[in-house]
Amino acid sequence: MAGRHACIVGGGMCKWGVREASYIDMVQEAAKECLGDIPGLKPTSIDGLLFASTFVGRRSAQANTAPVVAERLGLKPTSICARVDVLCAGGSTGILLAKGLVESAMSDVVMVVGCEKLYTPERWQVQYDEIAAIDHDWDGPQGIGPPPLWFAMIAKEHMKHYGTKREQLGLVSVINYDYGYDNPKGHFQRKLTMGDVLNATEVAAPLGLYDCCPLTDGSAAVIIASEEKARELSDRPLVYILGGAQASVHSVSANWPGEHLGDWPHLRLAAKKAYENAKISADKVDVAQVHDCFSISEIVEVEELGFCKKGEGGPFVESGQTKIGGTTPTNTDGGLLSCGHPFGATGVRQAIEILRQLQGRAVRQVNKAAIGLTHNLSGSNVEHTIVIYGREPRK
Amino acid sequence: MAATGIPFLEGRYSPTLDMWPIEAKEFNRIYEFYENLREGKFTTTKCKKCGRVAYPPRVICPECYSDELEWIELPKKGKVAVAVEKWAGVPICYEPPLIDAWIDLGEDSPVRHVLSRMVNCPPETLKEGDEVQLVVFDVPAHPIELRKETKMAERVFFAFEPVKK
Ligand SMILES: CC(C)(COP(=O)(O)OP(=O)(O)OC[C@H]1O[C@@H](n2cnc3c(N)ncnc32)[C@H](O)[C@@H]1OP(=O)(O)O)[C@@H](O)C(=O)NCCC(=O)NCCS
Ligand SMILES: [Zn+2]
């Protein structure tokens with residue numbers, strides 16, 4: 001497709017954690033940081049808004065949130081003003097939709113903002129509400145709404161079929177916390193030792209506390225614009241959205257598509273589609289932000305995304321390939337494990353880190369990064385979403 | 001459901017916070033699943049046109065979109081493929097540990113695996129290969145407003161339990 005290209009121009013996020021703030025407060029904080037990254041962009045020059053959130057309509061009394069967000073942010077959208085609800089992949093979905101809107105010339109400058117306020121006045125709701133985030137009538141009453149159980153099964157299966165070791169899972173957390181240590185906006189800024197990980201409270205064996213991402217309030221915002229607008233708005237190197245994919249092949253766990261739970265064909269499908277769409281291959285990815293909702297998730301994802309062979313995710317991490325200097329530095333801002341996971345905001349946070357990496361201004365900079373990838377899984381591992389970014393437009 | 005802080009909703013039912021499905025025939029077209037469950041049968045729908053078995057039950061066949069479906073029984077016994085226990089972050093509707101299993105219903109079953117909560121199962125006992133069976137239990141009823149009066153809709157749901165050796 002010749003013609004218009006979509007670029008990511010700037011982004012910012014509020015402080016993530018257990019926040020004394022409402023969703024609409026955090027959205028404003030994130031938008032301020034985002035526009036602070038693009039001096040010269042006025043709110044009224046933004047013609048589209050996509051608001052990614054799953055739980056805002058449930059953990060607050062507000063439905064139809066997009067107009068509320070637009071008004072509080074001083075936006076007057078004329079091309080699109082809508083909410084996107086794809087749970088953990090809402091932010092990335094917003095970015096893919098914004099790309100389509102910009103490339104089709106329907107929009108010129110779109111803000112994608114994600115936010116979740118997970119902590120309600122009574123704490124029980126934080127876990128209980130998760131029952132609504134999966135296939136409610138079938139899997140909900142079976143207990144995997146809060147997903148650690150499901151991912152503990154995945155970890156056991158991966159260990160059984162591929163010989164993955166407990167310490168290899170732990171290493172994912174140690175590495176990602178190390179990356180997150182200098183990210184002041186993330187939920188945690190601390191270093192972990194393998195001892196911390198192995199001796200932590202058991203959540204669902206083999207997963208302990210540090211193998212799980214925390215429950216986090218937070219918001220993040222980015223601006224997606226046409227190449228022409230991006231040039232007007234910023235002197236920094238352009239970062240193009242090369243392509244992406246979103247694959248959804250089942251919803252109820254009984255329809256799991258793999259041979260066993262450590263086999264994720266739906267992610268392979270999304271990856272194949274995304275690489276074809278972006279006209280690149282896995283070995284071209286210089287830096288990746290993958291959905292490390294649990295330590296085991298990252299291990300399976302680096303395999304299915306093609307960064308290493310199937311079954312070799314554990315050794316891949318162990319041999320330092322996800323660190324700076326490795327073949328595919330991964331979750332360089334701390335990932336979900338250290339930054340936390342306010343569902344709709346996560347994909348936006350990942351996009352901000354890739355933007356900074358590709359512009360050479362990341363805190364943990366990957367040398368000469370030219371192609372970056374973000375990945376999210378959503379729900380009870382039922383959908384996979386990938387976005388690919390590059391310094392050069394798609395060939 | 002008591003609604004603390006919202007006095008006029010005291011005693012009102014709101015599906016938003018309900019963890020169980022609304023099973024009553026006034027509100028869905030697959031209520032036979034729950035009626036069968038009440039008789040101890042684990043069922044789903046099969047397409048009369050193309051033979052496709054779909055779980056969970058449907059009102060159309062996801063293969064050929066025919067709406068001529070019949071109910072068939074699924075195995076009520078299976079073997080544990082993987083079992084896990086959750087100790088932290090268990091939602092208020094369960095007591096920790098919350099035990100779940102990925103259950104293999106066998107090569108001949110049109111639905112190969114189901115994920116289920118395990119009940120009547122002491123912690124740290126369930127292993128790969130253990131035989132388990134369907135168990136049906138009552139779950140809380142909810143009101144349905146009819147023209148003049150309100151009736152209570154009784155409900156059941158299912159889990160699995162270890163087969164006693
Ligand atoms: C693992 C989990 C159950 C722990 O919850 P919990 O036991 O209720 O923990 P609490 O909220 O009581 O927090 C207790 C302490 O542990 C810390 N903590 C909680 N979860 C943590 C996590 N996942 N990682 C690191 N620290 C964590 C808290 O910051 C708190 O620290 P403090 O005492 O210094 O303030 C919870 O974090 C969880 O459910 N995580 C998974 C979230 C998830 O599934 N997201 C969707 C993924 S797709
Ligand atoms: Zn059919």
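Which residues come nearest to ligand 1? In this predicted model, the answer is A:Gln127, A:Pro147, A:Tyr177, A:Cys212 and A:Cys213, out of the 20 residues around the ligand. Ligand 1 itself sits between chains A and B.

A few polar atoms of chain A turn up beside the ligand as well. A:Gln127 brings a polar side-chain atom to 3.0 Å from an oxygen atom of ligand 1. With A:Cys212 it is the backbone that takes part: one of its polar backbone atoms is 2.8 Å from a nitrogen atom of the ligand. A:Leu209 also uses its backbone, with an N or O atom 3.4 Å from a nitrogen atom of ligand 1. On its own, ligand 1 has 910 Å² of accessible area, and the protein covers 65% of that.

Over in chain B, there is a sheet to look at. Five strands make up this open sheet, and reading across it gives the order E6-E5-E4-E7-E8, with antiparallel pairing. Strand E6 (113–117) and strand E8 (150–162) of chain B each have a single partner strand, so they stand at the edges with one side left without a neighbour in the sheet. The strands don't line up perfectly either: on average, neighbours are turned by 35 degrees against each other, direction ignored.

One pairing can be followed in detail. Strand E7 of chain B covers residues 131–145, and 12 bridges join this strand to the antiparallel E8(B). Within that pair, B:Val139 stands opposite B:Arg155, which belongs to E8(B). The sheet also has company from the other chain, as helix H6 (residues 148–162) of chain A packs on it. This helix touches strand E4 (77–86), strand E5 (98–104) and E6 of chain B, and its direction makes about 110 degrees with that of E4(B).

Back in chain A, A:Gly170 is part of helix H7 (residues 166–180). Is this glycine buried or exposed? Its relative accessibility is 0%, so A:Gly170 counts as buried. Apart from its neighbours within four places in sequence, A:Gly170 is in contact with A:Met194, A:Val197 and A:Asp211. A:Glu20, on the other hand, is 150 residues away from A:Gly170 in sequence and 31 Å away in space, going from C-alpha to C-alpha.

Finally, some backbone geometry deserves a look. Most peptide bonds are trans, and most residues other than glycine have a negative phi. Against that background, the bond from A:Ala205 to A:Pro206 is cis, with omega near 5 degrees. A:Pro206 has its place in the loop between strand E5 (202–204) and strand E6 (207–208) of chain A. Chain B has a cis peptide bond too, joining B:Pro96 and B:Pro97, where omega is about -5 degrees. B:Pro97 is in the loop that runs between E4 and E5 of chain B.

Positive phi values show up in chain A. A:Leu87, not a glycine, has a phi near 45 degrees, and this leucine lies in the loop between strand E3 (80–84) and helix H4 (90–103) of chain A. With 11% relative accessibility, A:Leu87 counts as buried, because the cut-off is under 20%. A:Ala105 isn't a glycine either, yet its phi is positive at about 70 degrees. This alanine lies in the loop between H4 and strand E4 (109–116) of chain A. A:Ala105 is partly exposed, as its relative accessible area is 46%.

Methods. Residues numbered from 1 in each chain as written. Chains lettered and ligands numbered in written order. Predicted model: local features only at pLDDT ≥ 70, side-chain atom pairs only at ≥ 80, totals over all residues. Heavy atoms only, no water. Pairing = 2+ DSSP bridges. Helix = DSSP H or I, 4+ residues; strand = E, 2+ residues; numbered from the N terminus. Axes fitted to C-alpha atoms, helices over the stretch in contact; angles between N-to-C directions. Contact = heavy atoms within 4.5 Å. Buried < 20%, exposed > 50% of the residue type's maximum accessible area, 1.4 Å probe, protein only. Near = heavy atom within 4 Å. Polar contact = N/O pair within 3.5 Å; in protein donor to acceptor, adjacent residues only side chain to side chain. Areas by Shrake-Rupley, 256 points an atom, 1.4 Å probe, with all protein chains shown as cover.
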